[in-house]
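Student: I'm new to this one. Could you take me slowly through the sheet, and what sits against it?

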Amino acid sequence: MDTAYVLVQCKMAHEMEVLKALLEIDLVKEAKGTFGYYDIFTKIQGTSSSEIEDIITKKIRNIPNVTATTTLSIIPEQDFEKWVKKPVLLIRKDFQINSLK
């Protein structure tokens, strides 16, 4: 499974309708409104990079009021979610708490 994150800009006051349209796309796993230069942060997962590319170019960029997108593709060898099946708790053994006197 390939993963990409898409940063979406849209016309002012149309963020909610774009967000709803994004969430109706099957490969979109998450979409969150953000403050700053981009309006929406979107996580996409597909079976291949070409499938993800098709969704971005044919569906996301064609949503009314989307003005720009930036895609962040994940490097498969550095995708931590693929390495770990369960949550891992890391504990430092050299950590000590000194009491205040």
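**A walk through the sheet**

Tutor: Let's start with one pair of strands: S2 and S3 run antiparallel to each other and are joined by 5 bridges. To find one of those links in the picture, look for Val28, whose bridge partner in S3 is Ile44. These two strands make a hairpin, with 6 residues between them. In the turn you'll meet Gly36, which has a positive phi of about 115°. Keep in mind as you look that this is a predicted model.

Now step across to the other neighbour of S3. Strand S1, residues 2-10, is joined to strand S3, residues 40-46, by 7 bridges, and this pair is antiparallel too. Here a handy spot to check is Thr3, which has Gln45 as its bridge partner in S3.

Put the pieces together and you get an open sheet of 4 strands, in the order S2-S3-S1-S4, with antiparallel pairing. At the edges are S2 (28-33) and S4 (66-73), each of them paired on one side only. If you ignore direction, neighbouring strands in this sheet are turned by 20° against each other on average.

So much for the strands; what about the helices? Helix H1, made of residues 15-23, packs on the sheet and touches S1, S2, S3 and S4. Its direction makes about 170° with that of S2. Then there is helix H2, residues 49-59, which lies across S1, S3 and S4. Compare H2 with S1 on your screen: the helix runs at about 15° to that strand.

Terms used: Residues numbered from 1 in each chain as written. Predicted model: local features only at pLDDT ≥ 70, side-chain atom pairs only at ≥ 80, totals over all residues. Heavy atoms only, no water. Pairing = 2+ DSSP bridges. Axes fitted to C-alpha atoms, helices over the stretch in contact; angles between N-to-C directions. Contact = heavy atoms within 4.5 Å.
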